[in-house]
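Notebook open, coffee poured. I wanted to know how this chain is put together, and then look at one piece of it up close.

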Amino acid sequence: MSDDPAAHNDKRFAELMEGIRNGSQEAATQLVAEYGEYVERAVRRMLNKKMRRQFDSADFTQAVWTSFFSDPAFFERVHGPESLARYVLGAGRNKVIEEFRRLFQTQKCNVNRERSLDGSAEYDAIQLAARQPTPSQVAATNEALARAMAKLPLHYQEIFRLRRSGMTQAEIAARTGLHIRTVQRVIHRFPEDDS
């Protein structure tokens, strides 16, 4: 960390580590605040392009700090910014390698098997317009149908009303008392309304 212009002198670092050894939350917070950016830059350099799409370097940085603070025995071995740098680089490299193996070398999570939807049938289907009419199209059709129906004889209107409600031709004939051929002829005369 000595090549980092924001690095603090050994005395300041020793004070922070002493505070951490004594359980000071403030010292831990201060260490992360003062050295966190360096840790994140070091981790970011280790991530390859495929992993950068999946993870933010902050995820690994947090994992490095978690490992650091969960090993109180290590605090005794850290005597300066350089030993912290070695730990951070080693822990960061290990975290990245571990995740890289999980993502690229296991069958379950292998991101090398991922394929873009561009060019796939599913992607093309999504791009198609909806097959259902829009609400305004339904309203316009209903208005046109109401105007056309008003001009028809009453028994034709009843046939179409029953057909639109989902009845079969045989059910309409039974309900209206008309012969099934009459029902069929009326429906086939106006096939666009055969729903």
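I started with burial: 31% of the 195 residues in the protein chain are buried (under 20% relative accessible area with a 1.4 Å probe, protein chains only; exposed is over 50%, partly exposed in between). Note to self: this is a predicted model, where local features need pLDDT of at least 70 and side-chain atom pairs count only at pLDDT 80 or more, while totals for chains, interfaces and linings use all residues. Numbering runs from 1 along each chain as its sequence is written, and side-chain values use heavy atoms, with hydrogens and water left out.

Next I looked up the secondary structure: 11 helices and zero strands (DSSP runs numbered from the N terminus, helices being H or I with at least four residues, strands E with at least two).

Contacts came next (heavy atoms within 4.5 Å). Of those between residues at least 6 apart in sequence, 53% join residues at least 24 apart.

Then I zoomed in on helix 10, residues 169-176. Which residues of helix 10 are buried? I found Q169, I172 and A173. They sit on the same side of helix 10, because their arc around the axis is only 100° (taken from the directions from the helix axis to the C-beta atoms). That fits the textbook rule: an α-helix has 3.6 residues a turn, so residues three or four places apart point the same way.

I checked the other side of helix 10 too, and A174 and R175 are exposed there. What covers the buried residues includes helix 9 (154-164) and helix 11 (180-189).

Last entry: G177 follows helix 10, and its phi is positive, near 80°.
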